[in-house]
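Open the model in a viewer and keep the selection panel at hand. The tour below goes stop by stop, with something to select at each one.

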Amino acid sequence: MVIKKKDATPPTIIVIFGVTGDLSRRKLIPALFDLEAAGMLPAKLRIIGFSRRTWSKAEFYAYIREVLSGRNHGREASFVEKFVKKFEYCQAFFDEAQAYRRLGELVVRIEKSTFKQCANKLYYLAVPPHFYEGIFRELALSGLTIPCGGNEGWARILVEKPFGNDVRTAKKLDLLLGMLFKEEQIFRIDHYLAKEALQNLLAFRFSNALFEPVWNHEHIDSIAITLAETDTVGTRGAFYDGIGALKDVGQNHLLQMLSLIAMEPPKDARADSIRRERARVLRVLHGGGSPLSQYALRGQYEGYQEEKGIAAGSTTETFFSLKVFVRNKRFRGVPFVLSSGKGLSEARTDIVISFKPPHHCPCRAKQVKCTHENRLSFRIQPNEGIELRFWIKKPGFSNELEEKHLSFSYAASVQAVRLPDAYERLLADALAGDQTLFTSTEEVQAAWRFIMPILAAWQQSPLVVYKKGTQGPASL
Ligand code: BG6
């Protein structure tokens with residue numbers, strides 16, 4: 001097919017594999033709509049939903065309308081309707097070779113009749129990981145991943161986590177992907193990297209000269225990174241039971257938060273430079289030489305085994321706590337305690353940096369104990385913000401010290417600015433070709449390399465059962 005270049009802004013086709021799944025419903029379709037409302041999607045756009053359900057186009061449109069109900073950004077109903085009409089539906093099984101021929105025909109029809117121009121193509125794999133290989137293979141055979149030619153009409157792929165199941169499977173996926181795409185076309189998702197409050201971490205670290213001199217083992221005592229959830233596994237039991245908390249959020253979200261805290265300043269702001277520094281940290285993680293029981297703890301909430309989709313007698317962890325060290329000059333000897341669990345008493349993600357107490361206490365020894373320390377907390381969610389704990393002399397005749405806080409809250413300070421959801425940011429960046437907030441193959445492999453021995457050793461160690469609605473087993 002020869003399609004002439006006509007317009008300077010190339011049209012774009014987004015293909016969502018698994019468009020009727022939970023991720024698409026909760027995150028992707030709303031994020032695309034929010035981007036459209038913000039004027040951040042290409043004017044010439046079609047979104048092809050690929051799913052197994054035998055739906056007519058009318059039924060598919062009813063589904064999109066339902067997903068978007070109550071979400072209009074103050075726009076007319078016609079704005080929503082215009083957006084709904086940008087969707088096309090491709091009913092198919094993920095491993096059905098014929099389906100990719102039909103997808104190809106649909107893509108060509110859109111390019112020829114609607115755009116009259118070759119389009120950029122973004123493929124989003126919002127499907128369980130066991131479908132990845134089949135989809136990659138069929139996409140390869142279909143020729144759908146071949147860019148239009150020249151600098152026009154790129155093809156990119158967005159792959160959800162978990163990327164592989166261990167080092168070997170991650171490498172295998174990379175090998176398959178490598179046959180289809182170059183590294184700069186592959187966008188491996190860790191949606192935590194795209195959370196606004198986490199993106200701010202590097203900006204905060206590297207634009208405040210005040211903190212750089214104390215951002216090291218001489219001044220930092222310990223760092224706690226917590227991702228606590230009140231939700232239980234819910235409807236995701238069958239998927240979750242096969243992976244557990246450490247693979248679900250540890251291998252990715254928590255280790256990424258750690259790498260942002262521990263990485264060295266990148267030599268420039270390019271995606272490659274930033275990803276290289278993150279990977280460097282992940283490669284030098286270790287357990288401090290202690291026996292596993294002293295640096296890695298796992299738990300399961302009571303009642304987990306009765307949840308839908310969970311295997312009888314399952315020993316899958318729903319909670320973990322790791323005491324991790326980074327073998328680099330800056331952080332040697334500083335413990336990073338990473339904890340995460342489901343079914344806990346509160347939902348919060350934060351990073352708390354505890355500084356060592358001062359060497360010399362200016363207070364009268366008899367009157368106060370000099371154990372006061374500064375603490376810098378990054379609240380990733382909810383109530384996104386930053387808080388610095390410091391000490392003052394209690395006003396008045398007393399010589400006691402009193403704890404005070406300097407704080408920044410997104411809600412209070414940036415009311416006029418809507419904080420984009422992580423998925424909006426990821427989609428916008430993938431469309432723009434910016435890989436900064438996506439994980440590189442080096443990062444993914446280093447993270448698997450670190451957690452796999454822990455998982456293997458856990459097979460022989462006890463699983464602590466904790467009650468739902470509590471703080472889980474005591475962290476390390
Ligand atoms: C996902 C995990 O990657 O992250 C889920 O698969 C977890 O189990 C979720 O609940 C947490 O993300 P967020 O953005 O809700 O904090």
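Begin with two strands, β1 and β2 (residues 45–51): they pair in the parallel sense over six bridges. This is a predicted model, and the tour reads it as such.

**A pair of partners.** Select Ile14 in β1 and look across to β2, where the bridge partner of Ile14 is Ile47. Now follow the chain between the two strands. From β1 the chain passes through helix α1 (residues 22–37) to reach β2, and this β-α-β crossover is right-handed.

**The other neighbour.** Next, select strand β4 (residues 120–125). β4 also pairs with β1, in the parallel sense and over six bridges. To find a matching position, pick Val15, which stands opposite Tyr123 in β4.

**The faces of β1.** Select residues 12–17 by themselves. Is strand β1 enclosed or open to the outside? Six of its six residues are buried, so β1 is largely enclosed by the rest of the structure. Colour the two sides separately to see the cover on each. Thr12, Ile14 and Ile16 lie on one side, Ile13, Val15 and Phe17 lie on the other, and all of them are buried.

**A cysteine.** Move on to Cys90. The structure holds zero disulfides. Cys90 is accordingly unpaired, and the nearest cysteine sulfur, that of Cys118, is 18 Å away. Why does Cys90 count as buried? Its relative accessibility is 5%, and the cut-off for buried is under 20%.

**The cavity.** For the last stop, turn on a display of internal voids. Rolling a probe the size of a water molecule over the atoms shows where empty space is left. The structure holds one cavity of 30 Å³ or more. The volume of the largest cavity is about 140 Å³. Of the 17 residues in its lining, select those closest to the centre: Asp190, Gln251, Asn252, Thr439 and Val444.

Then show the elements around this cavity. β6 (186–189), α9 (244–262) and α14 (441–458) each supply at least two residues of the lining. Which of the elements gives the largest share of the lining? That is α9, with four residues.

Finally, colour the lining of the largest cavity by residue type. Eight of the lining residues are nonpolar, four are polar and five are charged.

**Before closing the viewer.** Two views are worth saving. One is β1 with its parallel partners β2 and β4. The other is the largest cavity, with Asp190 and Gln251 among the residues closest to its centre.

Terms used: Residues are numbered from 1 along each chain as its sequence is written. This is a predicted model: local features need pLDDT of at least 70, side-chain atom pairs count only at pLDDT 80 or more; totals for chains, interfaces and linings use all residues. Side-chain values use heavy atoms; hydrogens and water are left out. On a 1 Å grid over the protein atoms alone, a cavity is a set of points where a 1.4 Å probe fits but cannot get out, and a pocket is an open set with protein on both sides within 12 Å along at least five of seven lines; lining residues have an atom within 4 Å of a point. Grid points are joined across faces, edges and corners, and a volume is the space filled by probe spheres set on the points. Ala, Val, Leu, Ile, Met, Phe, Trp, Tyr, Cys and Pro count as nonpolar, Asp, Glu, Lys and Arg as charged, and the others, Gly among them, as polar. A disulfide is a pair of cysteine sulfur atoms within 2.5 Å. Buried means under 20% relative accessible area, exposed over 50%, partly exposed in between (1.4 Å probe, protein chains only). Two strands pair if DSSP finds at least two bridges between them. A crossover is right-handed if, with the strands pointing away from the viewer, the path from the first strand over the helix to the second runs clockwise.
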